[in-house]
Amino acid sequence: MNDNARATQEAVITADGVSFSYRSGEYVSRGVREINLEVMRGEFLVILGRNGSGKSTLAKLLNGFLVPDTGKVTVLGTDTSDDDKVYEVRSKVGMVFQNPDNQMVASVIENDVAFGPENLGIPREEIEKRVTAALEIVGMSEYRKGSPNKLSGGQKQRIAIAAILAMLPEVVILDESTAMLDPKGRREIMETVLKLNREKGMTVVLITHYMDEAIEADRIFVMNDGEIVSSGAPREVFADAESLKAAGLELPAASRISLKLAEAGYDVPFAITDEELADSVCRLK
Ligand SMILES: Nc1ncnc2c1ncn2[C@@H]1O[C@H](COP(=O)(O)OP(=O)(O)O)[C@@H](O)[C@H]1O
Ligand SMILES: [Mg+2]
């Protein structure tokens, strides 16, 4: 399932030796340190880490909202510290945030989705097309003329995603966009994200502290205390339980159970998904 077939060899975003600290007066607090990573076109990348590990700081560095103290971030070859290119960079790397209520700007859904392209001076007809396509992808077409106020959290986040898509970004970063949602809302967003990546080929960076949201990633980066402490395919990253524990993270439930069963002497290989676990349990004699 994590066959990387969609991912290409072309880096859309590159972070090279990137460090950033927050300063106010004398007080300095580390955001991230010595980050090296590439986001490849078409991949589904997950950044995992507990609260305060530096995920949001990294996200803001990747879309040029913050500029590194040392090191360099490039988006499609453009250095994010280039003042003349700030807007270009931000429009290529769209961000969806945590709070569904803070991301709506208009009182009618289609206007909300149209807001970004309108500000870019895109012709009316083209905006229409983009709004239609974006709402279609997130499964919210029928709500087009409605008000965002009546929507569930999951629906609001899908509109927030549509508003980003209408800008035709190269990458969509979701910064804990499921954290405030109920389980149904979380599922809606994860399904939307998978569809975006798998069917539309969108490059997705999903930031989360939920292990189960990382299972379907092509690659995972684990952060702790501002640094990347491990990376790789989900199976590799989850197999290193020690690193995860040190980073304050727990294995997915299926992995934990498979390890317990193996410890108890059952012939159950390390599982990362519920399906795998169920499958090997069914095979037990
Ligand atoms: N605006 C800020 N001013 C000062 N320190 C900050 C600010 N934002 C984040 N930090 C600090 O940077 C570190 C990383 O935070 P953040 O990137 O928000 O982590 P995460 O998103 O993983 O919770 C934390 O120690 C946090 O306290
Ligand atoms: Mg954060």
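1. In this predicted model, Thr14 has Thr74 of β4 as its bridge partner. The strands concerned are β1 (residues 11-24) and β4 (residues 70-75), which are antiparallel and are joined by five bridges. Along β4, Val75 is the residue that stands opposite Ile13.

2. Val75 also stands opposite Thr78 in β5, so to speak of β4 is to speak of two pairings: five bridges join it to β1, and two bridges, again antiparallel, join it to β5. The connection between β4 and β5 is a hairpin with two residues between the strands. Within that turn, Leu76 has a positive phi of about 50°, a point to inspect in the backbone geometry.

3. These pairings belong to an open sheet of four strands. Its order is β2-β1-β4-β5, and the pairing is antiparallel. The edges are occupied by β2 and β5 (78-79), each of which pairs on one side only.

4. Helix α1 is placed across three strands of this sheet, namely β1, β2 and β4. Its direction makes about 120° with that of β1. Both α1 and β2 recur in the next point, on the ligand.

5. Which residues surround ligand 1? The shell consists of Tyr22, Ser29, Gly31, Gly49, Asn51, Gly52, Ser53, Gly54, Lys55, Ser56 and Thr57. Two elements, β2 (27-40) and α1 (55-62), each provide at least two of the shell residues. The largest share, three residues, is that of α1. By class, the shell has nine polar residues, one nonpolar and one charged.

6. A second open sheet contains six strands, in the order β6-β7-β8-β3-β9-β10, and its pairing is mixed. Why is one side of β6 (93-96) and of β10 (227-232) left without a neighbour in the sheet? Both strands stand at the edges and have a single partner strand each, so the other side of each has no neighbouring strand there. From one strand to the next, the twist averages 20°.

7. Within the six-stranded sheet, β3 (residues 44-49) and β9 (residues 219-224) are parallel and pair over five bridges. One of the bridge partners can be named: Val46 is matched with Ile220 in β9.

8. Two helices that pack on this sheet deserve mention. Helix α5 (residues 153-165) touches β6 and β7 (171-175), and its direction makes about 165° with that of β6. Helix α6 (residues 183-200) touches β3, β7 and β8 (203-208), with an angle of about 155° between its direction and that of β8. Strand β7 is thus touched by α5 and by α6.

9. At the level of the whole protein chain, the division is into domain 1 (11-251) and domain 2 (252-285). Their C-alpha centres lie 32 Å apart. The contact between them takes eight residues from domain 1 and six residues from domain 2. On the side of domain 1 that touches domain 2, six residues are nonpolar and two are charged, with no polar residues.

Technical notes. Residues are numbered from 1 along each chain as its sequence is written. Chains are lettered from A and ligands numbered from 1 in the order in which they are written. This is a predicted model: local features need pLDDT of at least 70, side-chain atom pairs count only at pLDDT 80 or more; totals for chains, interfaces and linings use all residues. A residue is near a molecule or strand if its C-beta atom, placed from the backbone, lies within 6 Å of it. Ala, Val, Leu, Ile, Met, Phe, Trp, Tyr, Cys and Pro count as nonpolar, Asp, Glu, Lys and Arg as charged, and the others, Gly among them, as polar. Domain bounds come from an automatic or database domain assignment. Two residues are in contact if their C-beta atoms, placed from the backbone, lie within 7 Å. Two strands pair if DSSP finds at least two bridges between them. Axes are lines fitted to C-alpha atoms, for helices over the stretch in contact, and angles run from 0 to 180 degrees between N-to-C directions.
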